[in-house]
There are 4 protein chains.
Amino acid sequence: MQGMATADFQRLIEDELELARWLGLRAESLEGGKATVRLPFKAESVRPGGTIAGPAMMALADCAMYAAVLGLRKEAVMALTSNLTIHFLRAPKPGDLIAEAEVLRLGRRLAVIEVSLRSEGEAKPVAHVTGTYALPSHGHGEGSAVP
Amino acid sequence: MQGMATADFQRLIEDELELARWLGLRAESLEGGKATVRLPFKAESVRPGGTIAGPAMMALADCAMYAAVLGLRKEAVMALTSNLTIHFLRAPKPGDLIAEAEVLRLGRRLAVIEVSLRSEGEAKPVAHVTGTYALPSHGHGEGSAVP
Amino acid sequence: MQGMATADFQRLIEDELELARWLGLRAESLEGGKATVRLPFKAESVRPGGTIAGPAMMALADCAMYAAVLGLRKEAVMALTSNLTIHFLRAPKPGDLIAEAEVLRLGRRLAVIEVSLRSEGEAKPVAHVTGTYALPSHGHGEGSAVP
Amino acid sequence: MQGMATADFQRLIEDELELARWLGLRAESLEGGKATVRLPFKAESVRPGGTIAGPAMMALADCAMYAAVLGLRKEAVMALTSNLTIHFLRAPKPGDLIAEAEVLRLGRRLAVIEVSLRSEGEAKPVAHVTGTYALPSHGHGEGSAVP
């Protein structure tokens, strides 16, 4: 069981995750069950009220969960989100958002991950996320691409 | 308390919700606490394995929740997602996704909404979503734009 | 794959689920991926404000999810809740609560279930629940009893 | 805005929260938006497989969220759980469970709280919980006892 390097995860974003690429997500680190991913501020992510759109924050959190899992098991590229819960806490500042994800449990079939989203330079989180990734099994899977 | 017309909600997508616009979301109906929103299939929403990206599905669901709320209270444009939980059930077909949202409870301060996502023409849901919208209060708000 | 009979599930409550037994939960039907379980009203479940305690409602919902799963696969007694999300919608009446659970997806490893809780005789739900059960695997398990 | 003392919260459990009392929940500390509550191990909380019943863990988490909120605002006794999401991570040891709750955001109308559950003496959490409490408003409420 070996983890994916940060640069390889960034390449995965560029090559395979069109929405993450459109949002400009940048993997900053993958290591030891933790991952940091950045959502650069840009006009496209804004919604009425001037705050960053909730779905952009969900996409960031989901990507950070995926990064945290792949940082532990690089062969789990086919892992899929099984569920995700997000609580929005406060309006983000008009700036980059930083997602810090941590794997709370890595099992053989499921990983549970927690993510905290912060505006860069701020101490208080703007959103809190928990979710489950279904891990690909080896030869006796649930199906091709279904958790 | 009056609801927003479908065409007005579509205009809101085009004018204000950049991410929803980028995804091509189309409001099909807003009526009586229910709303239907469509995510047209396009290559940009796909992820490894050929299925539609989870964040695109979350954006669709969030938009449908918003539509269902505005379909009851058109003045609640400043309503904000307070929390959202999604369960992914099966891989979507390579085709349009249809979100059907229903307001389970509309209070003075909170609305709870349920959404079912289906591939067009399929009976079984591909994802199930529940969430809460914080409604703007009138003159004694929680803050400007924070749930 | 065969389902458990309602009476057998009730016996499971009496013999094995001490908390459910203490609450007086009664299985009313298990059939075809759906289950109905009743929480009889009693003083012990009440909290400040006169309403039924949230944890009693969660216990009812969890039991109904379990019933719905066993109603499809009676051998899945070792299935375990992997996650549960509850939204409280309105204060229950001082009377019995009825939980109606439905399996949204039954996979080889996971079942996702939706539950609606209603006060007896009322149309509107008092709570909405979704959750995932991890199903016991056969010979290549995640571990003894952990999702 | 003043917080409730630990002993006063324990009295609230004894006097008002019948289910929490039946489970033997013990408030260990309420301070500064954090709270610690203990579920003493006893046979009644066990389920098939020898582990502590999920609903007992949910009741513990809910009580700890309530404690964390009251630890900040003692007058919020009528606060009600609006939603709760629990992820079960590993089977608890046969021993006491400790819940540590922290308020992530305290607004005028909503509080969002995170809870980690651990078996006493263990480092790794057995469950992770997030939830929202609806706070009682003062004179212009959502209703008497409805989130």
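Welcome to this predicted model. Let us begin where two chains meet: helix 3 of chain C and helix 3 of chain D cross in a right-handed way. From there we move to chain A, which holds three helices and six strands, and to an open sheet of 12 strands with members from chains A and B.

**Where chains C and D meet**

- The two helices, each covering residues 54-70, have axes that come within 9 Å and cross at roughly 150°.
- That angle makes helix 3 of chain C roughly antiparallel to helix 3 of chain D.
- On the chain C side, the contact is made by Gly54(C), Pro55(C), Met58(C), Ala59(C) and Asp62(C).
- On the chain D side, the contributors are Gly54(D), Pro55(D), Met58(D), Ala59(D) and Asp62(D).
- By character, the residues of this contact divide into six nonpolar, two polar and two charged.

**Chain A at a glance**

- Reading from the N terminus, the elements of chain A follow the order α-α-β-β-α-β-β-β-β.
- Chain A has 147 residues, and 55% of them are buried.
- Take the contacts in chain A between residues at least 6 apart in sequence: 64% of these join residues at least 24 apart.

**The sheet across chains A and B**

- The strand order is 1(A)-2(A)-4(A)-5(A)-6(A)-3(A)-3(B)-6(B)-5(B)-4(B)-2(B)-1(B), and the pairing is antiparallel.
- Strand 1 of chain A and strand 1 (26-31) of chain B stand at the edges with a single partner strand each, so one side of each has no neighbour in the sheet.
- On average, neighbouring strands of this sheet are turned by 20° against each other, direction ignored.
- Helix 3 (residues 54-70) of chain A lies across strands 1, 2, 3, 4, 5 and 6 of chain A together with strand 3 (80-88) of chain B.
- This helix of chain A runs at about 45° to strand 4 of chain A.

**Strand 2 of chain A and its two partners**

- In a regular strand, side chains alternate between the two faces of the sheet.
- Strand 2 (residues 34-39) of chain A shows such alternation: Ala35(A), Val37(A) and Leu39(A) point to one face and are buried.
- Lys34(A), Thr36(A) and Arg38(A) point to the other face and are not buried.
- One partner is strand 1 (residues 26-31) of chain A, paired with strand 2 in the antiparallel sense over five bridges.
- Within that pair, Glu31(A) stands opposite Lys34(A).
- The hairpin of strands 1 and 2 of chain A has two residues between the strands, and Gly32(A) takes a positive phi near 55° there.
- Another partner is strand 4 of chain A, which runs antiparallel to strand 2 and is joined to it by six bridges.
- Across this pairing, Arg38(A) stands opposite Ile98(A), and Thr36(A) has Glu100(A) as its bridge partner.

**A closer look at Arg109(A)**

- Arg109(A) sits in the loop between strand 4 (97-106) and strand 5 (110-119) of chain A.
- Is Arg109(A) buried or exposed? Arg109(A) is buried, because 24 other C-beta atoms lie within 10 Å, and 20 or more count as buried.
- Arg109(A) and Leu135(A) are 26 residues apart in sequence, yet 5.0 Å apart in space from C-alpha to C-alpha.

Key:
Residues numbered from 1 in each chain as written. Chains lettered and ligands numbered in written order. Predicted model: local features only at pLDDT ≥ 70, side-chain atom pairs only at ≥ 80, totals over all residues. Axes fitted to C-alpha atoms, helices over the stretch in contact; angles between N-to-C directions. Helix = DSSP H or I, 4+ residues; strand = E, 2+ residues; numbered from the N terminus. Parallel < 35°, antiparallel > 145°, perpendicular 65-115°, else oblique. Left-handed = near helix turned anticlockwise from the far one by under 90°. Contact = placed C-beta atoms within 7 Å. Nonpolar A, V, L, I, M, F, W, Y, C, P; charged D, E, K, R; others polar. Buried ≥ 20, exposed ≤ 12 C-beta atoms within 10 Å, placed from the backbone. Pairing = 2+ DSSP bridges.
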